Amino acid sequence: MKQHVSGGAFLRFLLVLLLAGLAVAAWYWQRYQGFADAPLAGIEPDESLIVARGDSLDKVLRTLQAQGIDTGDRVQWQVLARQTGAAGKLQVGEYALAPDTTPRALLLAMRDGKVVRRNFTIVEGWNIRDVRAALAKVDGLEHDSKGLDDAALMKALGHPGQHPEGRFLPETYAWVKGDTDLDLLKRAHKALQAALDEAWAARAEDLPLKNANEALTLASIVEKETGIAEERPAIAGVFVRRLQIGMRLQTDPTVIYGMGAAYAGNIRRSDLTTDTPYNTYTRAGLTPTPIAMPGKAALRAATNPANGDALYFVAVGDGSGRHVFSASLEAHNAAVREYVQRYRAQRQAAPK
C-alpha cells in the first residue's frame, strides 16, 4: 500500500532546509566578515610582501603562506578581491605588512599600488665617490652601476663624455622595490640640470662666468666653503670679485679635491704649493670641473652673489661655522691672527 507525503509535511521539510541553508549562510558570512577585517596572523616585525609581474591572487596567497601568514581560505580571498575591486588588478611592488594589516587593507593596497617607498638622500657637498659609496650600501636597491667606472656610469645614464662631479642634485629621492641605482641617479641628474637651468636663467648681470657649467663649478666651491645658507652669497661674492680682477681663488677645498685619495684629513703647507689641475693656489680661474654636489642655495648664490668689496674670508673659529669677511689683506691678516689665538685658547682649555 503506497504512502503519500502530505503537502504540509513537504512544506515543513523545505522550510527546514531553507532555515538550515540560511543558518549556514549566516555562519559563513559571519566567518567571512571576521576574516576580511581581522589582522593577518603570523606577521613578523618589518615584514613585507613582494608582488612580482604576472603574479595572480593564488600566487600571492602561496607567497603569504610561505612566509607563515595563513589567514582565510582561497574562496574568502577571491570573494573579498571581487568585493574590493582588486580581482585581476594587483599591482607590482613591495607592500608593508604591519601587525594590524587585514586582508581587506592588503587587497586595497595592492589594488591601488600603495607600495613601500624608501628614501635615499644625496647630501650637499658630497662628491661623486661619496654618492656612489652611499648608493652601494642601500639594501633592496638593484645595483646596476656596480663595476662601472665614472665614464661608463655617465654613458649608462645617457650623458657620455660628461664628468660626473657636481651633476646630481642633493635632495631626498624616494624609491621602491625593483628600482636601480641608475634610476635614482637619472632622477638626480635631471633635477640638478633643472635647478642649474633655473639659476642660470635668473643670473645677475656681468658675471665673470662663460656658461652654466662654470656657474656649477663655482657653486660647488661655494658649497664646500660653508654650510651656513645665509653666507653662501657673500662667499660667492668674494670668489666672483677675485675672478673679475684675475686674483686666484686660493680655496682649500679645491686643493683637497685635487689630492684625491692622498688626502688624509689634514692639509699641509706643502699641499698648497703642490700643483694639480684643481689647486687654486697655483692656478688661476675655476677648477676644470665641479668639486662636489652643490645644492640649490649654492647654485643661486653662484649666479646671484652678494655685492660688496670683500676679497678675503676666514673662519671665526667659535664653532658657529661663520666667517669674517675683509676687503684688504691687512684686515684679513688681523682676522687670521684672531682665529689662531682663539683656536689655541680652545686647545689649551680642552680637557687633556
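This short talk walks through the largest pocket and some charged side chains of the structure shown above.

Please keep in mind that this is a predicted model, in which local features need pLDDT of at least 70, side-chain atom pairs count only at pLDDT 80 or more, and totals for chains, interfaces and linings use all residues. Residues are numbered from 1 along each chain as its sequence is written, and side-chain values use heavy atoms, with hydrogens and water left out.

I will turn to the charged side chains, beginning with salt bridges, a term that here means a side-chain nitrogen of Lys or Arg within 4 Å of a carboxyl oxygen of Asp or Glu. The structure holds eleven of these salt bridges, and one of them joins the side chains of E230 and R322, at 2.9 Å from N to O. That pair links distant parts of the chain, 92 residues apart. E230 counts as exposed because its relative accessibility is 52%, where exposed means over 50% relative accessible area, buried means under 20%, and partly exposed lies in between, using a 1.4 Å probe and protein chains only. R322, at 38%, counts as partly exposed.

A salt bridge also joins R268 and D271, at 3.2 Å from N to O; here R268 is exposed, with a relative accessible area of 53%, whereas D271 is buried, at 8%. R283 pairs with D275, their closest N and O atoms being 2.9 Å apart, and both R283, at 37%, and D275, at 43%, count as partly exposed. Finally, E124, E223 and R232 are linked in a network of salt bridges.

Methods: Helix = DSSP H or I, 4+ residues; strand = E, 2+ residues; numbered from the N terminus.
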